[in-house]
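Student: Could you pick one part of this model and take me through it closely? I'd like it tied to whatever sits around it, in one go.

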Amino acid sequence: MRNSDAANHAWVRERYPLLSQALLAGASAQLRNMATVGGNLMQRTRCPYFYDLGFPQCNKRTPGSGCAAIDGNNRMHAILGASPRCIATNPSDMSVALAALDAVVRVTGPNDARTIPFTEFHRLPGERPDLDTILQPGELITSVDLPPPLFADHSKSKYLKVRDRASYAFALVSVAAALQMDGSTMQRAHRAGRRRAQAVARERDRAGVRRQAARPADPASRRRARRAGHAAAARQRVQGDARAARDRARGVTGRRCRMTVIGKPLDRTDGVLKVTGQARYSADNTDAKLAHAVLVTSTVAKGRIASIDTSRVQARCPACCS
Ligand SMILES: Cc1cc2nc3c(=O)[nH]c(=O)nc-3n(C[C@H](O)[C@H](O)[C@H](O)COP(=O)(O)OP(=O)(O)OC[C@H]3O[C@@H](n4cnc5c(N)ncnc54)[C@H](O)[C@@H]3O)c2cc1C
Ligand code: SF4
């Protein structure tokens with residue numbers, strides 16, 4: 001399903017306003033008209049070093065090569081969920097809302113079909129930043145299930161996205177928050193946030209669930225709260241490691257930070273490479289056997305392709321593939 005269709009579906013707007021808001025906050029109208037739910041969930045990080053082959057260090061692109069962003073321009077990188085190997089973030093707005101809504105991803109693959117709770121679908125970078133999700137090779141997303149709408153009240157849920165420009169831009173920070181109210185008493189609260197953490201899903205705030213009551217009445221809820229506590233502690237450890245790595249890279253020693261950059265000219269990490277023409281961009285990478293394609297569009301609005309006659313092309317260019 002296209003992102004625009006999902007965002008504007010009457011059912012989604014009425015029952016899951018949080019999801020509709022998040023979808024409409026993503027990309028531009030033209031992009032949303034083309035982008036699909038599966039593609040949006042699977043899109044890769046926007047870390048510029050990941051895309052710029054001029055930087056060989058990127059553990060996500062080339063495992064074991066290092067991380068150029070830790071020592072580089074990392075204004076848009078993660079505060080939460082980072083690891084010493086990768087501080088990239090997940091760019092999807094829809095994912096933040098789906099995490100707050102407790103969605104479930106259905107996938108099918110060579111072995112079997114299975115369902116994955118959304119909060120487990122994306123991976124934190126950890127030791128393997130090259131893996132973004134827990135999908136196995138050959139598995140495809142077939143659908144995303146939404147639970148019964150608990151947060152349909154527009155005044156009780158909100159997707160908030162902070163970005164550099166309002167027209168369209170990826171989030172610097174975004175939060176999906178939803179409250180289930182009983183009169184003036186909060187029964188349940190969900191929040192998924194992203195200071196652009198790699199796996200937004202894991203950042204769902206269980207604290208909201210814990211706030212329901214000091215001690216949940218049933219054993220299952222108590223077990224869930226305990227597990228959430230362990231997960232939060234583990235997250236803090238990972239964040240501590242990543243923070244230490246970034247502090248080292250920035251010259252922070254102990255509790256004191258040596259402010260060495262303020263008031264001084266600062267070279268961009270990629271500045272010298274770019275002005276001397278040494279930086280390599282994706283388009284600089286060519287291959288002798290690279291195929292070039294030309295799109296020939298049909299003059300028939302709707303029809304079935306019976307056959308394709310390539311004889312004229314082959315006659316003029318035997319090496320051409322079609
Ligand atoms: C300039 C620009 C700005 C953008 N801004 C934002 C933004 O602010 N917020 C935001 O959320 N997004 C943003 N996007 C992303 C955009 O919304 C699309 O979601 C994204 O590009 C994926 O598009 P797609 O559906 O065409 O996926 P594709 O590019 O076709 O696919 C992406 C990946 O997903 C895989 N894939 C696709 N479908 C499935 C499936 N069913 N199962 C398994 N794998 C699958 C593909 O194989 C591919 O690897 C932006 C994109 C651009 C170009
Ligand atoms: S943050 Fe991750 S994606 Fe970016 S350069 Fe480092 S390893 Fe690569």
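Tutor: Let's take helix 3 as the part to look at, then follow its surroundings outwards.

A word on conventions before we dive in. This is a predicted model, where local features need pLDDT of at least 70 and side-chain atom pairs count only at pLDDT 80 or more, while totals for chains, interfaces and linings use all residues. Residues are numbered from 1 along each chain as its sequence is written, and chains are lettered from A and ligands numbered from 1 in the order in which they are written.

The protein has 12 helices and eight strands; these are DSSP runs numbered from the N terminus, with helices being H or I over at least four residues and strands E over at least two. Of its 322 residues, 28% are buried. Buried here takes 20 or more other C-beta atoms within 10 Å of a residue's own, exposed takes 12 or fewer, and partly exposed is in between, with C-beta atoms placed from the backbone.

Now for helix 3 (17-24), which is mostly covered, with seven of its eight residues buried. Those are P17, L18, L19, S20, Q21, A22 and L23. The cover over them includes helix 1 (3-8), helix 2 (10-15), helix 4, helix 7, strand 4 (157-163) and strand 5. On the helix 1 side, look at D5, which lies in that helix. D5 has 14 other C-beta atoms within 10 Å and is therefore partly exposed. Its C-alpha is 9.9 Å from that of S20, and the two residues are 15 apart in sequence.

Helix 3 also feeds the largest nonpolar core, meaning a set of buried Ala, Val, Leu, Ile, Met, Phe, Trp, Tyr and Cys residues joined through C-beta atoms within 7 Å. That core has 24 residues, and L18, A22, A97, L98, A100 and A176 touch the most other members. Two or more residues each come from helix 3, helix 7 (93-100), strand 1 (104-108), helix 8 (118-121) and strand 5 (171-182). Helix 7 gives the largest share, six residues. A second core of 15 residues is separate from this one and includes F55, A68, A69 and I87.

Go out of helix 3 towards helix 4 and you land in the loop that holds A27. Its phi is near 55°, a positive value in a residue that isn't glycine. A27 counts as buried because 21 C-beta neighbours sit inside 10 Å. There's a similar case in the loop between helix 7 and strand 1, where you'll find D102. D102 isn't a glycine either, and its phi is positive at about 60°. It has 17 other C-beta atoms within 10 Å, so it is partly exposed. As background, most residues other than glycine have a negative phi.

Helix 4 brings us to ligand 1, which is surrounded by 20 residues, with G26, A35, G38, G39 and M42 the closest; a residue belongs to the surroundings if its C-beta atom, placed from the backbone, lies within 6 Å of the molecule. Helix 4 (29-34), helix 5 (37-42), helix 7 and strand 3 (140-145) each give two or more residues to that shell, and helix 5 has the largest share with four. The shell divides into 11 nonpolar, eight polar and one charged, where nonpolar covers Ala, Val, Leu, Ile, Met, Phe, Trp, Tyr, Cys and Pro, charged covers Asp, Glu, Lys and Arg, and the others, Gly among them, are polar.

Finally, the sheet, which picks up strand 1 from the core and strand 3 from the ligand shell. Three strands form an open antiparallel sheet in the order 2-1-3, where pairing takes at least two DSSP bridges between two strands. Strand 2 and strand 3 stand at the edges with a single partner each, so one side of each has no neighbour in the sheet. Strand 1 and strand 2 form a hairpin with four residues between them, joined by five bridges, and V104 stands opposite P117 in strand 2. Strand 1 also pairs with strand 3 over five bridges, with R106 opposite S143. Strand 2 (residues 113-117) has five residues, and the number buried is zero, so it lies largely in the open. Contrast that with helix 3, where we started: seven of its eight residues are buried.

Methods:
Two residues are in contact if their C-beta atoms, placed from the backbone, lie within 7 Å.
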